[in-house]
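Here are some friendly notes to read alongside the model, for anyone meeting it today. Keep the structure open and follow the points in order.

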Amino acid sequence: MLRIVNAKINIGLQIVRRREDGYHELRTVFCPIGLYAGTPENPEPFCDMLEVLPRAEAGFEVELLGCKMECPLEKNLVYRAAEKYFSELATPGFGARVILEKHLPDGAGCGGGSADAAMTLEQLSALDSALNGDRSDFRPRDKARLSELALQLGADCPFFLENSPAYAWGIGEMLEPIELDIKGRWLVLVKPDVYISTREAFAGVTPHEPDFDLRRLREIPIEEWRAVVHNDFEDSIFPQHPELREIKERLYGGGALYASMTGSGSSVYGIYENEARAREAYAEMSDVTTFEGAYLLKM
């Protein structure tokens with residue numbers, strides 16, 4: 001069972017308050033990106049490849065390929081997802097081999113690791129169901145239970161089990177589907193050679209009640225988002241990393257309808273009216289040797 005794993009962007013990110021448990025209450029809109037990556041419509045690669053295969057012995061093994069990841073295997077989110085599935089949901093005797101080929105950029109604010117973990121849970125459940133349950137249906141047997149496990153791995157992990165635009169609140173785990181007028185648009189995403197820790201991202205952020213309800217995104221055209229939709233992390237991160245502000249300004253200068261940092265960084269994206277405008281901006285950004293990568297994606 002082979003699964004193409006996509007990523008996400010945040011459209012707006014509002015830090016509302018610090019909770020008693022130490023986490024921050026936030027409001028954001030998650031939007032999947034890379035759904036068309038590798039297809040004839042959008043051949044540029046921007047995805048991970050996850051393969052889950054039956055294993056003769058009970059239990060699991062994980063193999064990591066592609067981009068090198070700077071953590072022990074046992075701490076990788078794919079390994080941890082498999083460990084959780086087998087400790088809590090697996091049918092007795094079930095065995096699987098999980099192979100991840102990593103290409104999504106690390107530390108980009110695009111949820112690549114969370115997506116890998118969520119898809120690992122989903123694919124293990126589907127294979128387990130196929131081998132030990134309803135062989136005619138490869139859908140996970142209990143998505144609600146998978147969501148509970150996904151949340152234990154990361155606040156944005158449950159989003160990838162639905163993988164469609166959603167308004168999120170709480171710590172990002174509470175989701176409400178939202179319709180966005182993005183069909184036919186194109187995205188340019190730039191990953192600079194910058195790493196931003198969670199501690200650095202929250203330093204300088206002042207929680208506040210938002211001025212704009214992000215659920216209203218569906219009511220206004222993208223051209224008007226710039227005036228009302230803001231990622232609060234930019235307030236603390238841009239002064240420390242002015243090159244990120246410069247990328248955002250360059251994306252707007254290249255004709256972006258809306259541009260923003262995603263998550264707590266360090267990637268910055270721009271949404272464009274059509275492929276031609278996006279391709280022009282992408283060509284400009286691709287020539288910058290100090291960037292880790294620039295990506296052109298159909299939305």
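1. Start with the open sheet of 4 strands, which in this predicted model are ordered β2-β3-β7-β8 and pair in the antiparallel sense. At its edges stand β2 (7–18) and β8 (174–177), each of which pairs on one side only. From one strand to the next, the twist averages 20°.

2. Within that sheet, have a look at how β2 meets β3 (residues 24–33): the two are antiparallel and share 10 bridges. To find your place along the pair, pick out Asn10, which stands opposite Phe30 in β3.

3. A second open sheet also deserves a visit. This one has 4 strands in the order β1-β4-β6-β5, and its pairing is mixed. Which strands stand at the edges? They are β1 (2–5) and β5 (59–66); each has a single partner strand, so one side of each is left without a neighbour in the sheet. Ignoring direction, neighbouring strands of this sheet are turned by 15° against each other on average.

4. Still in the second sheet, β1 runs antiparallel to strand β4 (residues 48–54), and 4 bridges join them. Ile4 has Met49 in β4 as its bridge partner.

5. Two helices can be placed against these strands. Helix α1 (residues 77–88) lies across β5 and β6 (95–102), and its direction is at about 165° to β5. Helix α2 (residues 112–132) lies across β1, β4 and β6, running at about 25° to β4.

6. Next, please turn to the hairpin that β10 and β11 form, with 6 residues between the two strands. The strands β10 and β11 are antiparallel and pair over 4 bridges, and Tyr258 has Ile271 in β11 as its bridge partner. In the turn, Gly263 has a positive phi of about 55°.

7. How is β10 covered on its two faces? In a regular strand, side chains alternate between the two faces of the sheet. For β10, Tyr258 and Ser260 are buried on one side, and Ala259 and Met261 are buried on the other, so both faces are covered.

8. The loop between β10 and β11 holds a detail that is easy to miss. Ser266 has its place in this loop, and the peptide bond leading from Gly265 to Ser266 is cis, with omega near 15°.

9. Ser267 lies in that loop too, between β10 (258–261) and β11 (268–272). Is Ser267 buried or exposed? Ser267 counts as buried because its relative accessible area is 0%, below the 20% cut-off. Beyond its neighbours within four places in sequence, Ser267 is in contact with several residues, among them Ala108, Cys110, Leu189, Pro192 and Met261.

10. Another loop residue to check is Asn163, found between α4 (157–162) and β7 (166–169). Phi of Asn163 is near 60°, a positive value in a residue other than glycine. Asn163 is buried, with a relative accessible area of 13%.

11. What about the cysteines? A disulfide is a covalent bond between the sulfur atoms of two cysteines. With a cut-off of 2.5 Å between sulfur atoms, the count comes to 0 disulfides. Cys31 is in no disulfide, as the nearest cysteine sulfur, that of Cys110, is 11 Å away. Cys31 is also buried, with a relative accessible area of 0%. Cys71 is in no disulfide either; the nearest cysteine sulfur belongs to Cys67 and is 13 Å away. At 34% relative accessibility, Cys71 is partly exposed.

12. Finally, step back to the whole protein, which has 9 helices and 12 strands. Its C-alpha trace spans about 55 × 45 × 35 Å along the principal axes. A compact globule of 299 residues would have a radius of gyration near 19 Å, and the protein agrees with this at 19 Å.

13. A few totals complete the picture. Buried residues make up 52% of the 299 residues. The accessible surface comes to about 13800 Å², and 48% of that belongs to carbon and sulfur atoms. Among contacts between residues at least 6 apart in sequence, 73% join residues at least 24 apart.

Technical notes: Residues numbered from 1 in each chain as written. Predicted model: local features only at pLDDT ≥ 70, side-chain atom pairs only at ≥ 80, totals over all residues. Heavy atoms only, no water. Buried < 20%, exposed > 50% of the residue type's maximum accessible area, 1.4 Å probe, protein only. Pairing = 2+ DSSP bridges. Axes fitted to C-alpha atoms, helices over the stretch in contact; angles between N-to-C directions. Rg over C-alpha atoms; globule rule 2.2 N^0.38 Å. Contact = heavy atoms within 4.5 Å. Areas by Shrake-Rupley, 256 points an atom, 1.4 Å probe, with all protein chains shown as cover.
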